[in-house]
Amino acid sequence: MRVNDRLAAKLADLGVEVQHEVSLATRTSLEIGGTTDELILRRYDRIAEVMSLLANENIAWRFLGGGTNVLIGDGELSWVALHLASSRDGMRVEGNAAYIEAAADLGGAVTFCAKRDLGGMEGLIGVPGSVGGALRMNAGAYGTQIGPHVREVQLYRAANGTIETLRGAEIRFDYRHTSFAPNDVMLHVKLELPSKPYKEILAGIRVCNEKRRASQPLNQRSAGCIFKNPPGGSAGRMIDELGLKGFRVGGAAVSDRHANFFVNAGDATCADMLGLIGAVRGRVRDAFGVELENEVIVWQN
Ligand code: EPU
C-alpha cells in the first residue's frame, strides 16, 4: 500500500512522517512481515484528522505498537502501518498515579515507576512491547496483569472518530483479552500503583528476570507465547510432551527452550509460521482433544 505525495504532504501538516516501502520484518520481534508504507504520528491531538484523511482516500490501516506480539503477512501489504512516536516527557507520576503514553516501552514504564517508589508491576518487567500493546492484550506474567492497575485510558475510537477517556471500571480485562474494539487506538493511560520502596521492587524484578531467563528463549526472535493457555492447562507443557521442541516448518521452529515459543530460526516467512502453528495445533488436538487459541495476533492482507 502506497501513500501518494499529495496525501503525504497533507499528512505532514498533521505531524505525520511517511516512510515508504518499509519492511515490517524490521518492526517486529519475529522479524517477519511484508512491505508497506509506515506513518509515524507525532501529534496525538491530530489523530482524528489523520484517520479521516485515510478514510477519505480508502486507505486501510493497522496500528503497530512494539511489534512483539504480532505475526504479519508476507509480500506487499494492503494496509499501511501506523505508529505513535514516543515523546521524551511521556511518563509522569503524581502520588500513586502514573500517567503514561501508549507509545512508551512497557519495561521502561515499570522501571520509571519503580524509581519513584511505585510497585505492583514487577512481573511485567520482561514483557517486551509498548504500554499500548500491553493494555490492549492485558499483558501479564508472574502473577501480574496490567488491567487491575488501570484507572483511565484515553483512546481514539475509530467507530466514533473521536478521542475518548474510559474509566478503568468501563473496560473488561480478561486473560490476554480486553473489551477494546480492534480499531481502538490507545493513547494514554492512568495507572494507580501501590507505594513500595525502590529496593523492594528491584528485588522482585530480579526474581522475575531470573525465572524468565531460565525458561524462555530471550535471545531468539519470537513473539512470546504463540498460544493462550487453555483453561487449567499449559500449552507449553502439552507441546513439549508431544516431543515437538525443535520441530520446524521452513524457517519457523518450536523453541528448544520453551515449547510455546515459536522462533524465527532462519529466514522464516509468515507462511512458515502459520504452517507451524497449524501443524502443532493439529497435533495437540489429536493427542489431547484441546483446540489451542492463538495468543499472537495475525495480520495478513
Ligand atoms: N512447560 C514445559 N515445557 C515447556 C514449557 C513449559 O513442561 O517447554 C511447563 C513448565 O514446566 C510449567 C508449565 O509448563 O510447569 C507452565 O510453564 P511456564 O511457567 O513457562 O508458563 P507458561 O504458562 O508457559 C505463562 C505465560 C507467559 C508468561 C509466563 C510467566 C501464557 C500463554 N504464557 O507461560 O507469557 O511469561 O506464564 O508468567 O499465558 C506471553 O504472553 O507471550 C508469555 C510468554
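Which side chain has an N or O atom 3.0 Å from an oxygen atom of the ligand? In this predicted model, where local features need pLDDT of at least 70, side-chain atom pairs count only at pLDDT 80 or more and totals for chains, interfaces and linings use all residues, that side chain belongs to Gln216. Residues are numbered from 1 along each chain as its sequence is written, and side-chain values use heavy atoms, with hydrogens and water left out.

A polar side-chain atom of Asn229 lies 2.7 Å from an oxygen atom of the ligand, and for the side chain of Lys245 the corresponding distance from an N or O atom to a ligand oxygen is 3.2 Å. Taken alone, the ligand exposes 820 Å², of which the protein buries 72% (accessible areas by the Shrake-Rupley method with a 1.4 Å probe).

Around the ligand stand 20 residues, of which Tyr142, Tyr175, Asn229, Asp240 and Glu295 come nearest (a residue is near if one of its heavy atoms lies within 4 Å). Helix 6 supplies the largest share of this shell, three residues, where helices are DSSP runs of H or I with at least four residues, numbered from the N terminus.

Turning to enclosed space, a search of the whole structure finds one cavity of 30 Å³ or more, a cavity being a set of points on a 1 Å grid over the protein atoms alone where a 1.4 Å probe fits but cannot get out. Its volume, the space filled by probe spheres set on the points, is about 40 Å³. Among the residues that line the largest cavity, having an atom within 4 Å of a point, are Val110, Cys113, Met121 and Glu122, and helix 3 (residues 106–115) gives the largest share, three residues.

Technical notes: 1 Å grid on protein atoms, 1.4 Å probe; cavity = no way out; pocket = protein on both sides within 12 Å on 5 of 7 lines; lining within 4 Å. Helix = DSSP H or I, 4+ residues; strand = E, 2+ residues; numbered from the N terminus. Polar contact = N/O pair within 3.5 Å; in protein donor to acceptor, adjacent residues only side chain to side chain.
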